[in-house]
Amino acid sequence: MKTLAIDLDSVLADTMLIWIQEYNKRKKADILKSDIVSWDISQVLDIAVEEISQIFTDIWQRHWRKIPPTEPNIGVTTKKLHERGFRISILTKRFRPSVVNVAKWLDLYEVYSDDLLFIYDDRPKAEYPFDILVDDAPVNLMNIKQPKLGILYSQPWNMDFIWATRIDKLSQLNLLI
Ligand SMILES: [Mg+2]
C-alpha cells in the first residue's frame, strides 16, 4: 500500500486567507492572498519574520473555526484516495500549541487520514516515510528523491517555481496517481 502524505496549511486548510484578514486588521492594510507572490512573506510585506509566525499561531489558537478548506469536498476527496488504496498521512510542520485545534479542524471537515504527523523541529519532510507528498512549499519538495514523488499544490507564492508535477485541486490527484 502506497502512502500519500498531504500537507495541511495551504493544501487542505486555506490558512493564508485568515492570515491575511488578521494582517489587514493589524496593519490597516488591504492586501489579498494573490498579492503573496513569494514564499518568503517578509519579501512582499513589511512585517518581521517573528510576527509572521505569531499571526499563524494566533489564528490556529483563536480563529481556527474561520479557516476554510482550500476547496470543497476535501473529506470526500481524501476518502476516495483512501478507497483507491492509498494510506493517507497528514504531514504538517507547526508549533506545538496548534496541535489540538488542527485535529479538531480535520474532524470538522471530515478529512480522512490514516495518521497525523506533527513536525516540531527542522527535520526535512522528504525524510518522512511516504511515497507521494503533496505540498505548496517548494522547499519541502526539492529534496525528494525517486522513487518518491513530490507534487506541488499551486498557490500564488509558488507559481514561479518550476516543478514537473503540479496540481490546482486535490481532486486532480485521482487522474495523476
Ligand atoms: Mg503548506
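**Loops, helix H5 and the domain contact**

User: Where's Glu110 in the chain, which loop is it in?
Analyst: This is a predicted model, and in it Glu110 lies in the loop between H5 and strand S3, residues 115-119.

User: And what's up with the phi of Glu110?
Analyst: Glu110 isn't a glycine, yet its phi is positive, about 50°. That residue follows H5.

User: Is Glu110 buried or exposed?
Analyst: Glu110 counts as exposed, because it has 12 C-beta neighbours inside 10 Å, and 12 or fewer is the cut-off for exposed.

User: OK, Ser10 next. What sign does its phi have?
Analyst: Positive, about 70°, and Ser10 is not a glycine either. The residue lies in the loop between strand S1 (2-6) and H1.

User: Buried or exposed, that Ser10?
Analyst: Ser10 is buried, since 23 other C-beta atoms lie within 10 Å and the bar for buried is 20 or more.

User: While we're on backbone stuff, where's the cis peptide bond?
Analyst: The cis bond joins Gln146 and Pro147, with omega about 10°. Pro147 lies in the loop between helix H6 (138-141) and strand S5 (149-153).

User: Back to H5. Which residues in H5 are buried?
Analyst: Val102, Trp105 and Leu106 are the buried ones in H5. Seen down the helix axis, the buried residues of H5 fall within an arc of 100°, so they line one face.

User: Why would spacing like that put residues on the same side of an α-helix?
Analyst: With 3.6 residues a turn, residues three or four places apart point the same way.

User: What do the buried residues of H5 pack against?
Analyst: They pack against H3 and strand S2, which covers 86-93.

User: And which exposed residues does the face turned away carry?
Analyst: On that face of H5 you'll find Val100, Lys104 and Asp107, and they're exposed.

User: Switching to the big picture: what does the domain assignment give?
Analyst: The assignment gives domain 1 as 2-13 + 68-176 and domain 2 as 15-66. Their C-alpha centres lie 21 Å apart.

User: How many residues does the contact take from each domain?
Analyst: Domain 1 puts in 16 residues and domain 2 puts in 13. On the domain 1 side, the largest share is four residues, from helix H5 (residues 99-108).

User: What's the makeup by class on the side of domain 1 that touches domain 2?
Analyst: That side has ten nonpolar, four polar and two charged residues.

User: Now H1 and H3. At what angle do the axes cross?
Analyst: Roughly 110°, with the axes of H1 (residues 15-27) and H3 (residues 49-62) coming within 10 Å. That makes H1 roughly perpendicular to H3, because angles of 65 to 115 degrees count as roughly perpendicular.

User: Which residues in H1 meet which in H3?
Analyst: From H1 it's Thr15, Ile18, Trp19, Glu22 and Tyr23, and from H3 it's Ile55, Phe56, Asp58 and Ile59. By class, this contact of H1 with H3 has six nonpolar, one polar and two charged residues.

User: Zoom in on Ile55. What does it touch?
Analyst: Leaving out residues up to four places away in sequence, Ile55 touches Trp19, Glu22 and Tyr23. Ile55 sits in helix H3 and is buried, with 22 other C-beta atoms within 10 Å.

User: How many residues apart are Ile55 and Glu22 in sequence?
Analyst: They're 33 residues apart in sequence, but 7.2 Å apart in space, C-alpha to C-alpha.

Terms used: Residues are numbered from 1 along each chain as its sequence is written. This is a predicted model: local features need pLDDT of at least 70, side-chain atom pairs count only at pLDDT 80 or more; totals for chains, interfaces and linings use all residues. Domain bounds come from an automatic or database domain assignment. Two residues are in contact if their C-beta atoms, placed from the backbone, lie within 7 Å. Helices (H or I, at least four residues) and strands (E, at least two) are DSSP runs, numbered from the N terminus. Ala, Val, Leu, Ile, Met, Phe, Trp, Tyr, Cys and Pro count as nonpolar, Asp, Glu, Lys and Arg as charged, and the others, Gly among them, as polar. Axes are lines fitted to C-alpha atoms, for helices over the stretch in contact, and angles run from 0 to 180 degrees between N-to-C directions. Angles under 35 degrees count as roughly parallel, over 145 as roughly antiparallel, 65 to 115 as roughly perpendicular and the rest as oblique. The arc is that of the directions from the helix axis to the C-beta atoms.
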